Amino acid sequence: MAYMDIEHNLLNVRERIAQACARVKRSPEDVEIVAVTKYVSLATTQAAIEAGIRHLGESRTQDAIPKWNALGADAAVWHFIGHLQTNKVREMIGRFPYVHSLDRLSLATELNRRGVAAGVTTKCFLQVNISGEESKHGLAPEEAADFLNAVHNLTHLEVIGLMTMAPYTENPEETRPVFQGLRELRDRLQEKNIPNAPLAHLSMGMSNDYEIAVEEGATFIRLGSTLVGDERE
Ligand SMILES: *Cc1c(COP(=O)(O)O)cnc(C)c1O
(Lines give C-alpha, C1' and ligand atoms only; values in the text may rest on other atoms or scores of the structure.)
Protein backbone atom coordinates (compact mmCIF):
# COMPACT_ATOMS: atom_id res chain seq x y z
CA MET A 1 0.00 0.00 0.00
CA ALA A 2 1.29 3.43 -0.93
CA TYR A 3 2.24 6.18 1.48
CA MET A 4 -0.68 8.37 0.32
CA ASP A 5 -3.22 5.65 1.03
CA ILE A 6 -1.86 4.96 4.49
CA GLU A 7 -1.82 8.68 5.27
CA HIS A 8 -5.46 8.86 4.18
CA ASN A 9 -6.38 5.82 6.29
CA LEU A 10 -4.56 7.22 9.28
CA LEU A 11 -6.47 10.52 9.06
CA ASN A 12 -9.72 8.59 8.87
CA VAL A 13 -8.83 6.37 11.84
CA ARG A 14 -7.74 9.36 13.93
CA GLU A 15 -11.00 11.13 13.16
CA ARG A 16 -13.03 8.08 14.21
CA ILE A 17 -10.99 7.73 17.40
CA ALA A 18 -11.63 11.40 18.17
CA GLN A 19 -15.37 10.90 17.65
CA ALA A 20 -15.46 7.77 19.81
CA CYS A 21 -13.52 9.59 22.53
CA ALA A 22 -15.89 12.56 22.36
CA ARG A 23 -18.88 10.25 22.85
CA VAL A 24 -17.48 9.04 26.19
CA LYS A 25 -15.49 12.14 27.21
CA ARG A 26 -12.03 10.64 26.87
CA SER A 27 -8.90 12.29 25.51
CA PRO A 28 -7.76 10.92 22.11
CA GLU A 29 -4.20 11.34 23.36
CA ASP A 30 -4.81 8.37 25.63
CA VAL A 31 -5.36 6.05 22.67
CA GLU A 32 -2.22 4.72 20.99
CA ILE A 33 -2.48 3.20 17.51
CA VAL A 34 -0.41 0.08 16.91
CA ALA A 35 -0.20 -0.53 13.16
CA VAL A 36 -0.31 -4.27 12.61
CA THR A 37 2.00 -4.98 9.68
CA LYS A 38 1.88 -8.77 9.75
CA TYR A 39 0.19 -9.02 6.34
CA VAL A 40 2.17 -6.33 4.52
CA SER A 41 5.58 -5.94 2.93
CA LEU A 42 8.62 -4.20 4.29
CA ALA A 43 7.99 -1.35 1.83
CA THR A 44 4.46 -0.84 3.14
CA THR A 45 5.73 -0.98 6.70
CA GLN A 46 8.23 1.76 5.83
CA ALA A 47 5.47 3.79 4.19
CA ALA A 48 3.42 3.49 7.38
CA ILE A 49 6.30 4.93 9.39
CA GLU A 50 6.67 7.78 6.91
CA ALA A 51 2.93 8.44 7.18
CA GLY A 52 3.33 9.03 10.90
CA ILE A 53 2.91 5.62 12.52
CA ARG A 54 5.06 5.22 15.60
CA HIS A 55 3.97 1.86 17.01
CA LEU A 56 4.30 -1.30 14.91
CA GLY A 57 2.78 -4.69 15.75
CA GLU A 58 3.90 -8.04 14.40
CA SER A 59 2.49 -11.45 15.26
CA ARG A 60 4.82 -14.09 13.82
CA THR A 61 8.45 -14.24 14.88
CA GLN A 62 9.61 -15.50 11.49
CA ASP A 63 8.32 -12.28 9.86
CA ALA A 64 8.88 -9.99 12.82
CA ILE A 65 12.61 -10.52 13.24
CA PRO A 66 13.62 -9.94 9.60
CA LYS A 67 11.49 -6.77 9.58
CA TRP A 68 13.04 -5.57 12.80
CA ASN A 69 16.52 -6.31 11.45
CA ALA A 70 15.78 -4.36 8.26
CA LEU A 71 14.28 -1.30 9.96
CA GLY A 72 16.11 -1.20 13.29
CA ALA A 73 15.21 -0.39 16.87
CA ASP A 74 14.74 3.32 16.34
CA ALA A 75 12.33 3.12 13.39
CA ALA A 76 9.34 2.42 15.63
CA VAL A 77 8.17 1.23 19.01
CA TRP A 78 7.96 -2.50 18.42
CA HIS A 79 5.07 -4.60 19.73
CA PHE A 80 4.77 -8.35 19.53
CA ILE A 81 1.07 -9.23 19.48
CA GLY A 82 0.87 -12.89 18.42
CA HIS A 83 1.26 -16.19 20.20
CA LEU A 84 4.88 -16.32 21.39
CA GLN A 85 6.70 -19.63 21.59
CA THR A 86 9.04 -19.88 24.54
CA ASN A 87 11.95 -20.95 22.33
CA LYS A 88 11.64 -17.69 20.37
CA VAL A 89 11.98 -15.42 23.39
CA ARG A 90 15.75 -15.18 23.12
CA GLU A 91 15.46 -13.47 19.73
CA MET A 92 12.62 -11.18 20.83
CA ILE A 93 14.29 -9.77 23.91
CA GLY A 94 15.99 -6.47 23.11
CA ARG A 95 13.94 -6.13 19.93
CA PHE A 96 10.34 -6.01 21.12
CA PRO A 97 9.85 -3.91 24.27
CA TYR A 98 6.10 -4.70 24.30
CA VAL A 99 4.51 -8.16 24.30
CA HIS A 100 0.70 -8.23 24.15
CA SER A 101 0.32 -11.99 24.38
CA LEU A 102 1.52 -13.06 27.81
CA ASP A 103 -0.66 -16.11 28.40
CA ARG A 104 1.29 -18.61 30.53
CA LEU A 105 3.78 -18.79 33.37
CA SER A 106 6.46 -20.53 31.34
CA LEU A 107 6.49 -17.55 28.96
CA ALA A 108 6.70 -15.08 31.84
CA THR A 109 9.67 -16.83 33.42
CA GLU A 110 11.48 -17.13 30.09
CA LEU A 111 10.92 -13.43 29.26
CA ASN A 112 12.25 -12.59 32.70
CA ARG A 113 15.24 -14.95 32.52
CA ARG A 114 16.33 -13.62 29.13
CA GLY A 115 15.55 -10.09 30.26
CA VAL A 116 17.82 -10.41 33.27
CA ALA A 117 20.63 -11.68 31.04
CA ALA A 118 20.19 -8.82 28.55
CA GLY A 119 19.37 -6.11 31.09
CA VAL A 120 16.00 -5.49 29.43
CA THR A 121 12.55 -5.23 31.01
CA THR A 122 9.61 -6.29 28.83
CA LYS A 123 6.30 -4.48 29.12
CA CYS A 124 3.58 -7.10 28.92
CA PHE A 125 -0.15 -7.34 28.57
CA LEU A 126 -1.78 -10.32 30.17
CA GLN A 127 -3.94 -11.88 27.45
CA VAL A 128 -7.36 -12.83 28.74
CA ASN A 129 -9.96 -14.86 26.88
CA ILE A 130 -13.06 -12.88 27.83
CA SER A 131 -15.30 -14.27 25.09
CA GLY A 132 -14.58 -17.89 26.07
CA GLU A 133 -14.07 -18.89 22.43
CA GLU A 134 -12.00 -22.06 22.33
CA SER A 135 -9.91 -20.82 19.41
CA LYS A 136 -8.56 -17.87 21.40
CA HIS A 137 -5.41 -17.91 23.47
CA GLY A 138 -5.34 -16.34 26.89
CA LEU A 139 -6.16 -17.01 30.51
CA ALA A 140 -9.69 -17.42 31.78
CA PRO A 141 -10.68 -14.23 33.65
CA GLU A 142 -10.80 -16.07 36.99
CA GLU A 143 -7.15 -17.17 36.55
CA ALA A 144 -5.79 -13.64 36.17
CA ALA A 145 -5.30 -12.69 39.83
CA ASP A 146 -3.34 -15.85 40.68
CA PHE A 147 -1.22 -15.37 37.58
CA LEU A 148 -0.35 -11.77 38.53
CA ASN A 149 0.57 -12.87 42.03
CA ALA A 150 2.78 -15.60 40.60
CA VAL A 151 4.78 -13.19 38.40
CA HIS A 152 4.95 -10.16 40.68
CA ASN A 153 8.54 -10.84 41.77
CA LEU A 154 9.91 -11.21 38.24
CA THR A 155 12.13 -8.15 38.07
CA HIS A 156 12.46 -7.88 34.27
CA LEU A 157 8.81 -8.19 33.41
CA GLU A 158 6.21 -5.50 33.95
CA VAL A 159 2.54 -6.29 33.44
CA ILE A 160 1.26 -2.94 32.23
CA GLY A 161 -2.24 -4.07 31.31
CA LEU A 162 -4.65 -6.61 29.90
CA MET A 163 -5.24 -7.63 26.30
CA THR A 164 -8.13 -9.39 24.64
CA MET A 165 -9.44 -10.26 21.20
CA ALA A 166 -13.15 -10.11 20.47
CA PRO A 167 -14.78 -12.60 18.13
CA TYR A 168 -15.28 -11.29 14.60
CA THR A 169 -18.90 -10.26 14.04
CA GLU A 170 -20.77 -8.50 11.26
CA ASN A 171 -22.13 -6.13 13.85
CA PRO A 172 -19.25 -4.67 15.90
CA GLU A 173 -21.68 -3.56 18.60
CA GLU A 174 -21.83 -7.22 19.65
CA THR A 175 -18.20 -7.00 20.78
CA ARG A 176 -18.99 -4.42 23.45
CA PRO A 177 -19.56 -6.91 26.31
CA VAL A 178 -16.11 -8.41 25.66
CA PHE A 179 -14.39 -5.04 25.96
CA GLN A 180 -16.50 -4.08 28.96
CA GLY A 181 -15.56 -7.41 30.53
CA LEU A 182 -11.85 -6.73 30.12
CA ARG A 183 -12.16 -3.26 31.63
CA GLU A 184 -14.17 -4.51 34.59
CA LEU A 185 -11.66 -7.32 35.19
CA ARG A 186 -8.87 -4.73 35.11
CA ASP A 187 -10.72 -2.57 37.65
CA ARG A 188 -11.23 -5.53 40.00
CA LEU A 189 -7.56 -6.58 39.71
CA GLN A 190 -6.35 -3.03 40.34
CA GLU A 191 -8.26 -2.97 43.62
CA LYS A 192 -6.11 -5.90 44.80
CA ASN A 193 -2.97 -3.73 44.50
CA ILE A 194 -0.82 -6.58 43.27
CA PRO A 195 2.83 -5.42 43.18
CA ASN A 196 4.47 -4.98 39.78
CA ALA A 197 1.11 -5.03 37.98
CA PRO A 198 -0.02 -1.42 37.51
CA LEU A 199 -2.50 -2.46 34.77
CA ALA A 200 -2.89 1.07 33.49
CA HIS A 201 -3.48 -0.14 29.95
CA LEU A 202 -6.05 -2.04 27.92
CA SER A 203 -4.97 -3.47 24.54
CA MET A 204 -8.22 -4.12 22.71
CA GLY A 205 -9.88 -3.29 19.43
CA MET A 206 -8.98 -4.24 15.86
CA SER A 207 -10.01 -2.92 12.44
CA ASN A 208 -13.58 -4.16 12.76
CA ASP A 209 -14.33 -3.02 16.29
CA TYR A 210 -11.86 -0.38 17.47
CA GLU A 211 -14.41 2.39 17.91
CA ILE A 212 -16.35 0.26 20.39
CA ALA A 213 -13.09 -0.65 22.16
CA VAL A 214 -12.17 3.03 22.45
CA GLU A 215 -15.57 3.80 23.93
CA GLU A 216 -14.91 1.06 26.47
CA GLY A 217 -11.49 2.36 27.50
CA ALA A 218 -8.86 0.93 25.14
CA THR A 219 -5.46 2.64 25.43
CA PHE A 220 -3.78 0.58 22.70
CA ILE A 221 -5.72 -0.44 19.59
CA ARG A 222 -4.20 -2.88 17.10
CA LEU A 223 -5.08 -1.99 13.52
CA GLY A 224 -4.07 -4.02 10.50
CA SER A 225 -6.33 -4.10 7.45
CA THR A 226 -8.10 -0.76 7.94
CA LEU A 227 -4.80 1.07 8.20
CA VAL A 228 -2.11 -0.65 6.15
CA GLY A 229 -4.19 -3.17 4.22
CA ASP A 230 -3.66 -6.87 3.63
CA GLU A 231 -1.25 -7.82 0.86
CA ARG A 232 -1.57 -11.57 1.08
CA GLU A 233 -2.31 -13.31 -2.23
C1 LIG B 1 -3.94 -9.48 13.01
C2 LIG B 1 -4.15 -8.96 14.36
C3 LIG B 1 -4.68 -7.68 14.57
C4 LIG B 1 -5.13 -6.75 13.44
O5 LIG B 1 -6.20 -7.27 12.72
P6 LIG B 1 -7.08 -6.35 11.73
O7 LIG B 1 -8.44 -6.93 11.84
O8 LIG B 1 -6.48 -6.48 10.39
O9 LIG B 1 -7.02 -4.97 12.26
C10 LIG B 1 -4.81 -7.24 15.88
N11 LIG B 1 -4.45 -8.00 16.92
C12 LIG B 1 -3.94 -9.24 16.77
C13 LIG B 1 -3.56 -10.02 17.97
C14 LIG B 1 -3.77 -9.76 15.49
O15 LIG B 1 -3.27 -10.99 15.35
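These legends describe close-up views of a predicted model.

**View 1. Helix 1, residues 3-24, from end to end.** Helix 1 has 22 residues. At 1.5 Å a residue it should span 32 Å, and its end C-alpha atoms are 32 Å apart, so expectation and model agree. Lys25 follows helix 1. The phi of Lys25 is positive, near 60 degrees.

**View 2. The buried face of helix 1.** Ile6, Asn9, Leu10, Val13, Ile17, Ala20 and Cys21 are buried in helix 1. Viewed down the helix axis, the buried residues fall within an arc of 110 degrees, so they line one face. Met4, His8, Leu11 and Ala22 sit on the other side of helix 1 and are exposed.

**View 3. Packing partners of helix 1.** The buried residues of helix 1 pack against two strands and three helices, named here in turn. The strands are strand 1 (32-36) and strand 8 (220-223). The helices are helix 2 (42-50), helix 8 (210-215) and helix 9 (225-228).

**View 4. Helix 2 packed on helix 3.** Helix 3 covers residues 61-71. The two axes are 11 Å apart and make an angle of about 55 degrees. That angle makes helix 2 oblique to helix 3, because it lies outside the ranges for roughly parallel (under 35 degrees), roughly perpendicular (65 to 115) and roughly antiparallel (over 145). The crossing of helix 2 and helix 3 is right-handed. From helix 2, Leu42, Thr45, Gln46 and Ile49 take part in the contact. They meet Lys67, Ala70 and Leu71 of helix 3.

**View 5. Lys136 and its contacts from elsewhere in the chain.** Lys136 lies in the loop between strand 5 (122-127) and helix 6 (144-151). Neighbours within four places in sequence are left aside here. Lys136 then contacts Asn129 and Ser131, as well as Met165, Ala166 and Pro167. Lys136 and Ala166 are 30 residues apart along the chain. Their C-alpha atoms are separated by 9.1 Å.

**View 6. Asn193 in the loop between helix 7 and strand 7.** Helix 7 covers residues 176-191, and strand 7 covers 201-203. Asn193 is not a glycine, yet its phi is positive, near 50 degrees. Its relative accessibility is 64%, so Asn193 counts as exposed; the cut-off is over 50%.

**View 7. Leu199 in the loop between helix 7 and strand 7.** The phi of Leu199 is positive, near 50 degrees, in a residue other than glycine. At 1% relative accessibility, Leu199 counts as buried; the cut-off is under 20%.

How values were computed. Residues numbered from 1 in each chain as written. Predicted model: local features only at pLDDT ≥ 70, side-chain atom pairs only at ≥ 80, totals over all residues. Heavy atoms only, no water. Helix = DSSP H or I, 4+ residues; strand = E, 2+ residues; numbered from the N terminus. Expected span 1.5 Å × (residues − 1). Buried < 20%, exposed > 50% of the residue type's maximum accessible area, 1.4 Å probe, protein only. Arc of directions from axis to C-beta. Contact = heavy atoms within 4.5 Å. Axes fitted to C-alpha atoms, helices over the stretch in contact; angles between N-to-C directions. Left-handed = near helix turned anticlockwise from the far one by under 90°.
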